[in-house]
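Here is a walk through the packing and the charged pairs of one protein chain. Have the viewer open while you read, and pick out the side chains as they come up.

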Amino acid sequence: MPSQRLKGQEVSILIVRDSVLENELVDIMGFNAEFQLEQIAQGYLGEKTERHDEIYKGTSGDFEMHTHSQDWLTFANAVMHRARGNTPDAIFNISAVMSYPNGQTPTILFPDVKFGAMPLSLGSRTDYAKVKISFVCDDYEIQFS
């Protein structure tokens, strides 16, 4: 009998700035992460096929969220201050905490993330305000339960 699969309702995304949880950034609708690898191939004289390798090139991701307070603007402002060099030592970490139905609870940590564009979308009178935030980081850590 197959076990149940992980669903979004069993995943928490935590955003931390300088060891303090961004408490109000909780209306996250979708989260994506990509462990970036590049394939390389090299052919050599006298060989009938190419040799293959891969290179790890960091991790990237994005998330989309609704807003229910101005706290996302406080967060965005802190990112802008770091990008401008006003607070160059600010560190942002993102964690994805997964609670599998079988009881396993691994966490993927994306340390010292750097952010890209943060578009705000107001589609229509009846649509919720939506923010999409993209990020990259040099490495990741997985903490297994």
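F92 is buried, and its relative accessible area comes out at 0%. Keep in mind that this is a predicted model. What sort of ring pair does F92 make with F115? The two ring centres sit 5.5 Å apart with the planes at 85 degrees, so this one is edge-to-face. F92 belongs to strand β5 and F115 to strand β7, so the pair ties together parts that are 23 residues apart in sequence. F115 also counts as buried, at 17% relative accessibility, because the cut-off for buried is under 20%.

Both of these rings turn up again in the largest nonpolar core, which has 24 residues. F75, F92, I94, V113, F115 and I133 are the ones that touch the most other members. Which elements give two or more residues to this core? They are β1 (11-17), β4 (51-66), α1 (71-83), β5 (92-98), β6 (107-110) and β9 (130-137). Helix α1 gives the most, with five residues. As background, nonpolar side chains in soluble globular proteins tend to be buried together.

F75 is a good residue to click on next. Setting aside neighbours within four places in sequence, F75 is in contact with I15, E22, L25, F92, F115, M118 and I133. That list includes both F92 and F115, the two partners of the edge-to-face pair.

It also includes a charged residue, E22. Is E22 buried or exposed? E22 is buried, with a relative accessible area of 11%, which puts it under the 20% cut-off. E22 sits in the loop between β2 (20-21) and β3 (28-42). Seen from its own side, and not counting residues up to four places away in sequence, E22 touches I15, R17 and F75.

Back to the rings: the structure holds nine aromatic pairs. Among them is F31 with F110, a tilted pair at 6.1 Å centre to centre and 50 degrees between the planes. F31 is in strand β3 and F110 in strand β6, so to speak distant parts of the chain, 79 residues apart. The two partners differ in cover: F31 is partly exposed at 23% relative accessible area, while F110 is buried at 1%. Together with F63 and F135, F31 and F110 form one aromatic cluster.

Now for the charges. The structure holds six salt bridges, and three of them are set out here.

| Salt bridge | N to O distance |
|---|---|
| K7 and E10 | 3.5 Å |
| R82 and D112 | 3.9 Å |
| K114 and D112 | 2.8 Å |

In the bridge between K7 and E10, K7 is partly exposed, with 40% relative accessibility. E10 is buried, with a relative accessible area of 17%.

D112 appears in two rows, pairing with R82 and with K114. R82, D112 and K114 are thus linked in a network of salt bridges. What does the bridge between D112 and R82 tie together? D112 lies in the loop between β6 and β7 (114-115) and R82 in helix α1, so the bridge joins parts that are 30 residues apart in sequence. Within the network, R82 is buried at 12% relative accessible area. D112 counts as partly exposed at 34%, and K114 is partly exposed too, at 38%.

Finally, the surface. F35, L37 and Y56 form a nonpolar patch there, with about 290 Å² of accessible area together. L37, in strand β3, is exposed, with a relative accessible area of 57%. That value is above the 50% cut-off for exposed. Strand β3 therefore holds L37 of the surface patch as well as F31 of the aromatic cluster.

Definitions and conventions:
Residues are numbered from 1 along each chain as its sequence is written. This is a predicted model: local features need pLDDT of at least 70, side-chain atom pairs count only at pLDDT 80 or more; totals for chains, interfaces and linings use all residues. Side-chain values use heavy atoms; hydrogens and water are left out. Helices (H or I, at least four residues) and strands (E, at least two) are DSSP runs, numbered from the N terminus. Buried means under 20% relative accessible area, exposed over 50%, partly exposed in between (1.4 Å probe, protein chains only). Contact means heavy atoms within 4.5 Å. A nonpolar core is a set of buried Ala, Val, Leu, Ile, Met, Phe, Trp, Tyr and Cys residues joined through side-chain atoms within 4.5 Å. Patches are made of residues with over 30% relative accessible area and no salt bridge: like charges are joined within 9 Å, nonpolar side chains (Val, Leu, Ile, Met, Phe, Trp, Tyr) within 5 Å. Accessible areas come from the Shrake-Rupley method with a 1.4 Å probe; for residues, only the protein chains shown count as cover. A salt bridge is a side-chain nitrogen of Lys or Arg within 4 Å of a carboxyl oxygen of Asp or Glu. Rings of Phe, Tyr and Trp (its six-membered ring) pair if their centres lie within 6.5 Å; planes under 30 degrees apart count as stacked, over 60 as edge-to-face and the rest as tilted.
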